[in-house]
Amino acid sequence: MVKTENSVVITKSLGPEFGAILATLHQQCVAHGAWSSNSYQQMMGLHTSSALIAMVDQEPVGFLLSSSTSLESEILMLCVAPKVRRLGIGSKLLLSLVEDLAVQGTCDLLLEVAEDNHEAINLYGKNGFLEVGKRPNYYESPEGKKTSALIMKRIIT
Ligand SMILES: CC(C)(COP(=O)(O)OP(=O)(O)OC[C@H]1O[C@@H](n2cnc3c(N)ncnc32)[C@H](O)[C@@H]1OP(=O)(O)O)[C@@H](O)C(=O)NCCC(=O)NCCS
């Protein structure tokens with residue numbers, strides 16, 4: 001499937017009923033550690049959470065889940081299905097969140113990313129995020145391999 005960025009529709013204000021869709025996409029995107037449908041439903045039920053889904057021909061192909069207070073927002077997860085990567089969909093989800101946060105007057109957007117996740121670090125760097133901290137040995141794989149997390153921040157307003 002080859003699609004352009006222009007055919008992507010971003011759907012906002014999703015409720016807990018979309019938890020299963022996010023969990024399915026997450027499973028497609030990571031080798032281990034995908035969150036369950038129940039976990040997504042609980043997170044999406046919180047008044048601090050918001051989710052965006054990217055749709056191509058009415059098929060969900062990516063999502064961004066974030067959590068916000070009045071001053072600060074955090075990206076909890078960003079996933080794009082492998083078959084439609086490198087087409088600008090991750091960037092489009094990020095931009096959509098940034099536009100919403102700017103309207104709400106949020107100051108900072110933060111995230112954590114594994115220091116060996118080069119595609120995500122490139123994506124965030126290209127979209128205005130800077131590294132502001134590091135959490136050593138933050139993640140642990142099922143095989144016991146530890147990886148540090150980078151903390152990245154984009155100033156919104
Ligand atoms: C990271 C991820 C969301 C990127 O989504 P995407 O839709 O492919 O991203 P985009 O097409 O908007 O890419 C924008 C930029 O990111 C960088 N990038 C994306 N994929 C890359 C790759 N495989 N290698 C190197 N850089 C990459 C590039 O700078 C790219 O710009 P370019 O294509 O003009 O060179 C996707 O790879 C993914 O879902 N990964 C698994 C889940 C994950 O790690 N999420 C992040 C958790 S913090």
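Two strands count as paired here if DSSP finds at least two bridges between them. Keep that in mind as you click through this predicted model, since much of the tour follows strands and their partners.

**Stop 1: the whole chain**

Start zoomed out, with everything shown as a cartoon. You should be able to pick out four helices and seven strands. Walking along the sequence, they come in the pattern β-α-α-β-β-β-α-β-α-β-β. The C-alpha trace spans about 40 × 40 × 30 Å along its principal axes. How does the radius of gyration of the protein fit a compact globule of 157 residues? Such a globule would have a value near 15 Å, and the protein has 15 Å, so the two agree. Buried residues account for 27% of the 157. Of the contacts between residues at least 6 apart in sequence, 59% join residues at least 24 apart.

**Stop 2: the sheet**

Now select the strands and hide the rest. All seven strands sit in one open, mixed sheet, in the order β1-β2-β3-β4-β5-β7-β6. Look at its edges: β1 (8-11) and β6 (130-140) each pair on one side only. From one strand to the next, the twist averages 25 degrees.

Next, bring back helix α1, residues 19-29. This helix packs on the sheet and touches β2 (49-56), β3 (59-68) and β4. Its direction makes about 105 degrees with that of β3.

**Stop 3: β2, β3 and β4**

Zoom in on β2 and β3. They run antiparallel, joined by eight bridges. To find your place, select Ala 54, which stands opposite Gly 62 in β3. Then go to the turn of this hairpin, where two residues lie between the strands. What is unusual to look for at Asp 57? Its phi is positive, near 50 degrees.

Carry on from β3 into β4. These two strands make another hairpin, with three residues between them. They are antiparallel as well, with seven bridges. Select Leu 65 and look across: Met 77 in β4 stands opposite.

While side chains are on display, here is a general pointer: in a regular strand they alternate between the two faces of the sheet.

**Stop 4: β4 and β5**

Which way does β5 run beside β4, parallel or antiparallel? This pair is parallel, with four bridges. Glu 72 is a handy marker, as it stands opposite Asp 108 in β5.

**Stop 5: Gly 105**

From β5, step back into the loop that connects α3 to β5, and select Gly 105. Is Gly 105 buried or exposed? Gly 105 has 10 other C-beta atoms within 10 Å, and a residue with 12 or fewer counts as exposed, so Gly 105 is exposed. Try a distance from here to Ile 89: the two are 16 residues apart in sequence, and their C-alpha atoms are 24 Å apart.

**Stop 6: around the ligand**

Finish at the ligand. There are 21 residues around it, and the nearest are Arg 85, Gly 90, Ser 91, Glu 119 and Leu 123. The elements giving two or more residues to this shell are β4 (72-80), α3 (89-104), β5 (108-114) and α4 (118-126). Which of them gives the largest share? That is α4, with six residues. Colour the shell by residue type and you get eleven nonpolar, six polar and four charged.

Key. Residues numbered from 1 in each chain as written. Predicted model: local features only at pLDDT ≥ 70, side-chain atom pairs only at ≥ 80, totals over all residues. Near = placed C-beta within 6 Å. Nonpolar A, V, L, I, M, F, W, Y, C, P; charged D, E, K, R; others polar. Rg over C-alpha atoms; globule rule 2.2 N^0.38 Å. Buried ≥ 20, exposed ≤ 12 C-beta atoms within 10 Å, placed from the backbone. Contact = placed C-beta atoms within 7 Å. Axes fitted to C-alpha atoms, helices over the stretch in contact; angles between N-to-C directions.
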